[in-house]
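Okay, thanks for coming, everyone. Let me put the structure up so we can walk through it together.

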Amino acid sequence: MAEKTPLFYRKFDYDRRLVPNAYVASRDQAATNVAQAEAATGLTVGYPGWNILYYVTLASLKPGDHNVILETGTNWGFSTIMLAQALRDSGLDGEVHSSELDPENHRRAQDNLARSGVGDLVRLHLGDSLAFLREFAAARPVVRVAFLDSGHDQEHVLEEFRLLRPLLDEAGTVIFDNTFKLRTDDDPEQKVNGGLRRIMSEFGGNLVNFPHCSWYTPGMAVWQAAPFAQDWA
Ligand SMILES: C[S@@+](CC[C@H](N)C(=O)[O-])C[C@H]1O[C@@H](n2cnc3c(N)ncnc32)[C@H](O)[C@@H]1O
């Protein structure tokens, strides 16, 4: 199968008031294409991906619980701000943890979080996501929402999920970016899409893919172990 032309579904012609955080909206204000957006906000999912992160998180947090939200691949902190804004708007107790490998990205994320109005809810970790997940797992937290968006090779995606899975609340949700199918199913270059296929075959569960958002590679998906796992008691 021929390689597909890069596709970009990040939107620029939209009402910035729809972005749930005013600082993020202001940073995206002048961007009219992917190059301008990358200069202003880095490799972030953009609109409407930001809102997927925000609403999936807001609708997944559990009243009465301490809600742990985990992210790999902070980049410049714009997705982290969406997760933290959802926690703030939920009015619930909790914390956001995000890990980034690159020190310069980590520094930019610190700056952006400090201006976002929700930085007090976030702990940024510098280092490899797999090391971060292993260390994080030692404290046995119950993770309510995770956004896995660091290394995009399928092996890395799968390994992150393997480390995360024992920590996940049964009704917890895991969000992925860059889910678009690039090549044949068994091609090792089939990155997040290949990782998701392997997650589904190893762990089962439910996956909903949203193809028309984010940018090269486009697509975001949400995984959940079981749709009705919540306890009504
Ligand atoms: C696509 S960007 C993340 C975008 C961000 N989640 C957002 O939507 O705003 C991927 C980031 O993961 C980082 N990264 C790559 N490999 C990593 C690893 N093994 N551990 C932690 N971060 C990693 C990269 O430096 C990059 O900043």
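Let's start with a small one: which residue does E159 form a salt bridge with? The partner is R162, and the closest N and O atoms of the two are 3.2 Å apart. Keep in mind that what you're looking at is a predicted model. Both E159 and R162 sit in helix α7, three residues apart, about one turn of the helix. In general, an α-helix has 3.6 residues a turn, so residues three or four places apart point the same way. As for exposure, E159 is partly exposed, with a relative accessible area of 23%, and R162 is partly exposed too, at 31%.

Okay, so that's one pair on α7. What about the rest of that helix? Eight of its 11 residues are buried, so α7 is largely enclosed by the rest of the structure. The buried ones are Q154, H156, V157, L158, E160, F161, L163 and L164. And what covers them? The cover includes β1 (66-72), α6, β4, β5 (168-177), α8 (192-203) and β7.

Let me pick α6 out of that list. Helix α6, residues 129-138, packs against α7, residues 154-164, at an angle of about 10 degrees, with the axes 9 Å apart. With the cut-off for that label at under 35 degrees, α6 and α7 are therefore roughly parallel to each other. If you want to click on the contact, look at S129, L130, L133 and R134 on the α6 side, and H156, E159, E160 and L163 on the α7 side. By class, that contact is a mix: three nonpolar, two polar and three charged residues. So E159 turns up again here, as one of the α7 residues that meet α6.

Now, the cores. In soluble globular proteins, nonpolar side chains tend to be buried together. Here, the largest nonpolar core has 35 residues, and V19, W50, L53 and I175 touch the most other members. At least two residues of this core come from each of α1 (22-28), α3 (49-58), α4 (78-90), α5 (103-116), β3 (122-126), β4 (143-148) and β7 (220-224). The largest share, seven residues, comes from α4.

I'd zoom in on I175 for a second. Leaving out residues up to four places away in sequence, I175 touches L53, V56, T57, V145, A146, F147, L148, M220, A221 and V222. There's also a second, separate core of 24 residues, and that one includes F136, V143, V157 and L164. Two of those names, V157 and L164, were on our list of buried α7 residues a minute ago.

Back to charges. The salt-bridge count comes to 14, and I'll show you two more of them. D169 pairs with R144, with the closest N and O atoms 2.8 Å apart. D169 lies in strand β5 and R144 in strand β4, so this pair ties together parts that are 25 residues apart in sequence. And are they buried or exposed? Both D169 and R144 are buried.

The other one is on α5: D111 and R115 meet in a salt bridge at 3.9 Å, N to O. They're four residues apart in that helix, so about one helical turn separates them. D111 counts as partly exposed at 36% relative accessibility, while R115 counts as exposed at 53%. That pair isn't alone, either: E104, R107, R108, D111 and R115 are linked in a network of salt bridges.

Last bit, the backbone oddities. Most residues other than glycine have a negative phi, and most peptide bonds are trans. So where are the exceptions? A cis peptide bond joins Y47 and P48, with omega about 5 degrees, and P48 is in the loop between α2 and α3. Another cis bond joins Y216 and T217, also with omega about 5 degrees, and T217 lies in the loop between β6 (206-210) and β7.

For positive phi, N75 is near 50 degrees, in the loop between β1 and α4. R140 is near 50 degrees as well, in the loop between α6 and β4. N75 is buried, with a relative accessible area of 13%, whereas R140 is exposed at 55%. And N75 has a buried neighbour you can find: T41 in helix α2 (residues 34-41), at 0% relative accessibility, touches R10, R27, N75, W76 and F78.

That's my tour, so over to you.

How values were computed: Residues numbered from 1 in each chain as written. Predicted model: local features only at pLDDT ≥ 70, side-chain atom pairs only at ≥ 80, totals over all residues. Heavy atoms only, no water. Core = buried A, V, L, I, M, F, W, Y, C linked by side-chain atoms within 4.5 Å. Buried < 20%, exposed > 50% of the residue type's maximum accessible area, 1.4 Å probe, protein only. Contact = heavy atoms within 4.5 Å. Axes fitted to C-alpha atoms, helices over the stretch in contact; angles between N-to-C directions. Parallel < 35°, antiparallel > 145°, perpendicular 65-115°, else oblique. Nonpolar A, V, L, I, M, F, W, Y, C, P; charged D, E, K, R; others polar. Salt bridge = Lys/Arg side-chain N within 4 Å of Asp/Glu carboxyl O.
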